[in-house]
Amino acid sequence: MDLREIIVDAIKYPISDTRKFLIFCVLIILMSLSTILPSYGVRDGTLSIILTLVTLVVLFIVLGYSIEVIKGGTEGDEVLPDFDYVKQFVMGIKAFILDIIYFIIPAIITIIVASAAGLFTSLTKIIYASTDAMNNGANNLTAVMNAIPQSAINTFSSALTVTLIIGIILFVIFSLMSFTGMVRFAKSGSGTEGLRFKEIIKDMSNIGFIKIIVSLIVIYIFAFAMMFIIGLIGMIPYIGVFIGIFVGVPFTILFVYRAIGLVYAEA
């Protein structure tokens, strides 16, 4: 399946079963009430706590259902999956944990690189020098900057540059791996499968790294375009927000996860 076919299929997919799509829309509304109602002046402490809990529970169900959408894409299913709220709640928690792991790993490596490059040490020197300068009467930015050792500024600049470059590269790599890991999790239901890095790299190689990158870029361009349209709809007084959230957001979510499933169907 080429990229054009993937996009066309993913656009049609959300309305492959109107009843299930409407149920998914209701879930998105429930998940959003904790942020929507306060904007309409509805503020109550007890209600806010209840709605926050509802949001959290429904969030995991929606995430778990989205994982099933990915699985359907890899297996060639033509319609939306059935709802199994308990199963999808558990899957949503597992998927959330996987996302955290794939975020923590590059974050830890980036922090180690920053420390080794002297970012934190030089920043501390700059802060202390600036504080001392202001305590000694420096009353403008130029005076404060002149009090900071040039060596600290140079070290900070070079360390920040190295950290940013490595951090961006790591987050891109682990983001791509997280997509593949999530697909492996969707197909097996096992969180461990989503962390088998050797197999993940093999799957990505089978599909083609360039194809994955280009496909994801195009998918998210379409998704951002949809969200832009949703934003315009949301500007309609009173009903715009509900129309955008009730139809636009669930449609976009299903589109993205379906497309990702189709991209990885070859793995």
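**Exercise 1. Find out which residues T55 touches beyond its sequence neighbours, and whether T55 is buried or exposed.**

Start with the contacts. Once you set aside everything within four places in sequence, T55 is in contact with L30, M31 and S34. Keep in mind that this is a predicted model.

Next, place the residue: T55 sits in helix α3.

Now the accessibility. The relative accessible area of T55 is 16%. Buried means under 20%, so T55 counts as buried.

**Exercise 2. Locate D84 and work out its exposure class.**

First, look between the helices: D84 lies in the loop that links α3 (45-75) to α4 (85-117).

Then check its surface. D84 has a relative accessible area of 38%. The partly exposed class runs between the 20% and 50% cut-offs, so D84 is partly exposed.

Finally, pick a partner further back in the chain. I61 and D84 are separated by 23 residues in sequence, yet their C-alpha atoms are 8.8 Å apart in space.

**Exercise 3. Describe how helix α1 packs against helix α10.**

Step one is the geometry. Helix α1 covers residues 3-12 and helix α10 covers residues 240-263; their axes come within 8 Å and cross at roughly 140 degrees.

Step two is naming the angle. Over 145 degrees would be roughly antiparallel, and 65 to 115 roughly perpendicular. The α1 and α10 pair fits neither, so the two helices are oblique to each other. As for handedness, the crossing of α1 and α10 is right-handed.

Step three is the residue list. On the α1 side you have I6, I7, D9, A10 and I11, and they meet F251, F255, R258, A259, L262 and V263 of α10. Sorted by class, the α1 contact with α10 holds nine nonpolar residues, two charged ones and no polar ones.

**Exercise 4. Zoom out and sum up the whole protein chain: what elements does it have, and how does its radius of gyration compare with that of a compact globule?**

Count the elements. The protein chain has 10 helices and zero strands, so, given that helices and strands are what get counted here, the order from the N terminus reads α-α-α-α-α-α-α-α-α-α.

Compare the radius of gyration. The protein chain comes out at 23 Å, whereas a compact globule of 267 residues would be near 18 Å. Along the principal axes, the C-alpha trace spans about 70 × 50 × 30 Å.

Check burial and contacts. Of the 267 residues, 40% count as buried. Among contacts between residues at least 6 apart in sequence, 80% join residues at least 24 apart.

Technical notes
Residues numbered from 1 in each chain as written. Predicted model: local features only at pLDDT ≥ 70, side-chain atom pairs only at ≥ 80, totals over all residues. Heavy atoms only, no water. Axes fitted to C-alpha atoms, helices over the stretch in contact; angles between N-to-C directions. Helix = DSSP H or I, 4+ residues; strand = E, 2+ residues; numbered from the N terminus. Parallel < 35°, antiparallel > 145°, perpendicular 65-115°, else oblique. Left-handed = near helix turned anticlockwise from the far one by under 90°. Contact = heavy atoms within 4.5 Å. Nonpolar A, V, L, I, M, F, W, Y, C, P; charged D, E, K, R; others polar. Buried < 20%, exposed > 50% of the residue type's maximum accessible area, 1.4 Å probe, protein only. Rg over C-alpha atoms; globule rule 2.2 N^0.38 Å.
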